[in-house]
Amino acid sequence: MEKDKDLSAIGQEILFTSRNELYMNLPYLDVALCALRFQPGGGVTLSLATDGETLYYDGGWLADRYLRSRIYTNRAYLHVILHCMLRHLAKKRGKVPELWDLACDAAVESILDELHYPCLEEGSIPAKLKFYGECRGEMPVLTAEGIYRRLLRLGLSNYELAQLQRRFLVDDHGLWDPEKQDDQEQSQRQDEKWKDLSEKTRTGMETVLAGQATGGEAVLEQVKVAVRDDVDYRAFLRRFAVPREVLAVDGDAFDYGFYSYGLRLYGNMPLVEPPETKEEKRIEDFVIAVDTSMSTSGELVRQFLACTYAILRSTETFTRKVNIRILQCDDQIRSDTAIHDLEDLRDYMEHFELAGGSATDFRPVFRHVAQLQKEGAFTSLRGLIYFTDGMGVYPQKRPPYDTAFVLLEEPPMSVKMPPWAIRLVLDLPGLEKAVRETAEELPDLIDLDELPQL
């Protein structure tokens, strides 16, 4: 018993030492590094674990790692802190546990391997570098969400999964299970706390500590993803609608008091008749551009188009006759399809094929649209949505219409989008949520089973 107490005290001292050394090297993480209290036990053996409030530790395990190298304990401490900052605990709900745990560990380790400080560098491990390289072929920033989707697609065997877990396993995720948390409000407050800490860290790195956060780009890239709010793609798409008069009763502009008074006073003779038209915002002239470079997959494009179709299917945003152009482009225009009604859009989606596969250059799309405008192809072009990963050559001059770049992943910090561009980061769950909510609101118009299969 006395030995256990000694090891617990030693373990706590090691954690304090690691925290101080990390603070000296990464001052932009000061608040986050001090956000967990230390406690031995908690059912943890040969590891570290956290529930977002407390860091549980095994003193013997910490002492053994510290004797081998303090780098191991520094990395383990920061590994746990980054899990909390990136909100991996709260995001586990609804995920396949073993795949989500692995994705989170891999994402955090990728950050640690890019922080080139003597207190964190453990040297290159070929197996880890190979995994990072394979993931970066599909995503610009190695987020847990992106790695998780990749693991789902791979369908790894138990042996392959165990091999990957052995490369990245550092801490125990047993306390993460959101289904076992009795107080959901407390869990939500805890998530909000870490989101706030991450937001403060992001602000500090971008402003006060800009230029001092050397080597922290990997942290900032992932923190920007962690603090990103959920977006409503339906509301975003509707901003491109323009006012139009439609044949319908305008209840807001009609006084039913005079109408009913006339009926009571004169029988079937109302004093006023309801207006037969009303003004609504509808999408008519519109351009959808799709990045068909090597970094874009056909499956993601179909998901994006399915979501856009479901939202446009709403009678409140889509007129009977429209003028939508769908362009495919990598470094040149690969296809230009005119859409005049919903059936055209549905048919396009059902027979969609990705054309291209070269580098990304956004400029040909804007030159092509300018030519279409000159030829009179549009009467009132309100906007253009460009579905892309964000990495390419942008035009320098702002076009005479709103332009939005819809990204499924946060692009690397090296990507500088022009100030006039509207930027929306929308992940796959966000796309699926938009489709589902639109279908629930309009069950008579949208049947999820009838949407083109992905």
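This passage walks through a small sheet and the helices that pack around it in a predicted model.

Let's start with the sheet. Three strands make it up, and they line up in the order E1-E3-E2 to give an open sheet with mixed pairing. Strands in a sheet pair through backbone hydrogen bonds, and that pairing can be either parallel or antiparallel. The edges are taken by strand E1 (37-40) and strand E2 (48-50); each has a single partner strand, so one side of each has no neighbour in the sheet. Neighbouring strands here are turned against each other by 30° on average, if direction is ignored.

One of the pairings can be followed in more detail. E2 runs antiparallel to strand E3 (residues 54-57), and three bridges link the two. Pick out leucine 48, for instance, and its bridge partner turns out to be tyrosine 57 in E3. Helix H4 packs on this sheet and touches E1, E2 and E3, with its direction at about 20° to that of E2.

The sheet isn't H4's whole story, though. Helix H4 (residues 70-85) also packs with helix H5 (residues 97-112), at an angle of about 120° and with the two axes 10 Å apart. An angle like that is why H4 counts as oblique to H5. The crossing in which H4 passes H5 is right-handed. On the H4 side, the contact is made by Arg75, Leu78, His79, Leu82 and His83, while H5 brings in Cys104, Asp105, Val108, Glu109, Ile111 and Leu112. Sorted by character, the residues where H4 meets H5 come out as six nonpolar, two polar and three charged.

H5 has another helix to deal with as well. Its axis and that of helix H7 (residues 144-154) come within 8 Å and cross at roughly 135°. That angle makes H5 oblique to H7, and the crossing of these two helices is right-handed. From H5, the residues involved are Leu99, Trp100, Leu102, Ala103, Cys104, Ala106 and Ala107, and they meet Ala144, Glu145, Ile147, Tyr148, Leu151 and Leu152 in H7. What kinds of residues make up this contact of H5 with H7? The split is 12 nonpolar, no polar and one charged.

Put together, the pieces can be traced step by step: H4 packs on the sheet, H4 also packs with H5, and H5 in turn crosses H7. Cys104 of H5 turns up in the contact with H4 and again in the contact with H7.

Technical notes
Residues are numbered from 1 along each chain as its sequence is written. This is a predicted model: local features need pLDDT of at least 70, side-chain atom pairs count only at pLDDT 80 or more; totals for chains, interfaces and linings use all residues. Side-chain values use heavy atoms; hydrogens and water are left out. Axes are lines fitted to C-alpha atoms, for helices over the stretch in contact, and angles run from 0 to 180 degrees between N-to-C directions. Helices (H or I, at least four residues) and strands (E, at least two) are DSSP runs, numbered from the N terminus. Angles under 35 degrees count as roughly parallel, over 145 as roughly antiparallel, 65 to 115 as roughly perpendicular and the rest as oblique. A crossing is left-handed if the near helix is turned anticlockwise from the far one by less than a right angle, and right-handed if clockwise. Contact means heavy atoms within 4.5 Å. Ala, Val, Leu, Ile, Met, Phe, Trp, Tyr, Cys and Pro count as nonpolar, Asp, Glu, Lys and Arg as charged, and the others, Gly among them, as polar. Two strands pair if DSSP finds at least two bridges between them.
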